[in-house]
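Student: I've got this one open on my screen. Can we walk through it together, a question at a time?

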Amino acid sequence: MPSAPNDACSLPLRSRLCECASWKTLLAHHRSAGPVDLRAAFATEPGRATRCTASGAGWTLDWSKQLMQPGTMPLLLALARERQVPERFAAMLGGARLNWTEGRSVLHTALRAPVSSSIPLDGHDVVPGVHDTLRRMEHFSNAVRVGQWTGATGKRIRHVINIGIGGSDLGPAMAYQALQPWRTRELDCRFVSNVDGNDLAIALGGIDPEETLFIVCSKTFTTQETMENAGTARAWLVSALGEAAVGKHFVAVSTNLEKVRSFGIDPDHMFGFWDWVGGRYSMDSAIGLSTMVAVGPDHFHEMLGGFRAMDEHARMSPLESNVPVLMGMIGVWNASVLGLPALAVLPYDQLLARFPAYLQQLLMESNGKRVDDHGDTVSWPTCPVVFGEAGTNGQHAFYQMLHQGTTVVPIDFICFRTAAHPIGRHRMLLNANAIAQAQAFAFGHTADEVRAQGTKDALVPHRSFPGNRPSSFLWSPALTPASFGALIALYEHSTFVQGIVWGINSFDQWGVELGKSLAVDVIKGLEDASAASTHDSSTDALIRALRANSV
Ligand code: F6P
């Protein structure tokens, strides 16, 4: 995107999306152009795949199977321009308080800024702090990896347990799976997030406290689930090794020094980050400490290089070939113009098995909003329901519905040419499945074709496929720490683009608060049978039914 002046804190309030001329033009185009038939679109335009392909930071996006006319994307890009996507992106990179409902800057891109760069925020350059923390993480990770940092009894650390939830869990857990081929075999990492004691009990199963290191990850260090899990883990350790052992078995990643200290973790063993890093944008901050311990500082830096490459691509490329902008605008088209309510993310690589879960928070916590910057309820659909599964497993689970169900679900396919574990024909078969599925979703199988295969009339409707189910195909030569980092940054930025177009704040998450605060009273009811019944009849009945001492 061409750079724009950093107008940081004085960004004008945008007009509402529905008032934008380019939005009205886009809707008129949709009405007049009518539904797209992908078979016809490919037949009449042999160069469609070439026209609808763009590359950046090692990733290639083929969006030719989206339900778009040749004139659609130019109109979407005109909308992106009118919504000032490039200017807002530049403002974000410069520290603008885009998260205005919380009064915060949005500077996760500073987490991968080169050491030679400078990003002033309120008169203070944030880059040196980022690199100081990275150096402390490197020192600590190396010490754990080579056995120089030991447990209290001198034993080498063999198990690292990351305790956190949401952004303090999903990114690191996903990265640990994705970067398996690069991890040391000297130790394993486990991830505990759910307040359900089963989660912690399973993670602690069969491991030796003397060889176990807990990384308590919480931006606030107040999150109920994390604090409960950390407290129980601490008690488990103390019962085995005594109170004095805590210092060698617990470190923290947080912005809250006081809470970390009062938990009993030495502030020297705390790795900080900043209020300008949102939880779901934090996996490349110190929240990624478990990732660095697992794969080592060099690979962690390769990952940061991939993030940085995509940041640069997003910043510098014209909108027509800007992969995050194209992906963001495809999402706007599908959700807000076509009214398609879901997005399936289908990574054809087992290493990305946790990627859909990670994306659920990134996309749905960021853009699952119904009120715009003006405080008005929007009249256009925003974030779709995001779900997914690694291919080919999904094919044997929910693809039936995707192919023949009544709801059309847009799809992101994600593929790599080569495999981290190149075994026999496996990668070729995997990729053949991905390509064939994209083909089947787009072009279907008509009743005439089914009949021509000799199918009995009664079965023809059941065996035909409507097609015209839109998908994008995103691929990279190989899954490496760098291409992985670039993929995450790609989705971060396409999420940003959508939030800007929709006119919502992608960086707050007030929607998680109500349930948390209501739980306070429910806890009282579950713990104390004599507590007054003050809720609606259903809530009171459920409390009575689920109280541990109920009969
Ligand atoms: O789900 C709400 C949320 O605030 C997320 O945004 C965040 O990632 C998660 O809780 C965990 O928060 P913390 O890191 O402060 O424990």
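Student: Which residue has a side-chain N or O atom 2.7 Å from an oxygen atom of the ligand?

Tutor: Keep in mind that this is a predicted model. A polar contact here is a pair of N or O atoms within 3.5 Å, and the pair you describe, at 2.7 Å, involves a ligand oxygen and a side chain. That side chain belongs to Glu365.

Student: And how much of the ligand's accessible area does the protein cover?

Tutor: On its own, the ligand has 400 Å² of accessible area. The share of that covered by the protein is 85%.

Student: Which residue puts a polar side-chain atom 2.5 Å from a ligand oxygen?

Tutor: Lys219 also has a 2.7 Å pair with a ligand oxygen, but there the polar atom is in the backbone. Look instead among the residues that come nearest to the ligand, which include Gly167, Ser218 and Thr223. The side chain at 2.5 Å is that of Thr223.

Student: How many polar residues are in the shell around the ligand?

Tutor: There are 13 residues around the ligand, and the space it takes is the largest pocket. By class, 2 of the shell residues are nonpolar and 2 are charged, while the polar ones number 9.

Student: What volume does the largest cavity have?

Tutor: The structure holds 2 cavities of 30 Å³ or more. The largest has 20 lining residues, with Met327 and Asp412 among the closest to its centre. Its space comes to about 230 Å³.

Student: How far apart are the centres of domain 1 and domain 3?

Tutor: Domain 1 is made of 38-106 + 300-502, and domain 3 spans 513-546. Taken over C-alpha atoms, their centres are separated by 41 Å.

Notes:
Residues numbered from 1 in each chain as written. Predicted model: local features only at pLDDT ≥ 70, side-chain atom pairs only at ≥ 80, totals over all residues. Heavy atoms only, no water. Near = heavy atom within 4 Å. Polar contact = N/O pair within 3.5 Å; in protein donor to acceptor, adjacent residues only side chain to side chain. Areas by Shrake-Rupley, 256 points an atom, 1.4 Å probe, with all protein chains shown as cover. 1 Å grid on protein atoms, 1.4 Å probe; cavity = no way out; pocket = protein on both sides within 12 Å on 5 of 7 lines; lining within 4 Å. Sits in = over half its atoms within 2 Å of the grid points. Nonpolar A, V, L, I, M, F, W, Y, C, P; charged D, E, K, R; others polar. Domains from an automatic or database assignment. Points joined across faces, edges and corners; volume = space filled by probe spheres on them.
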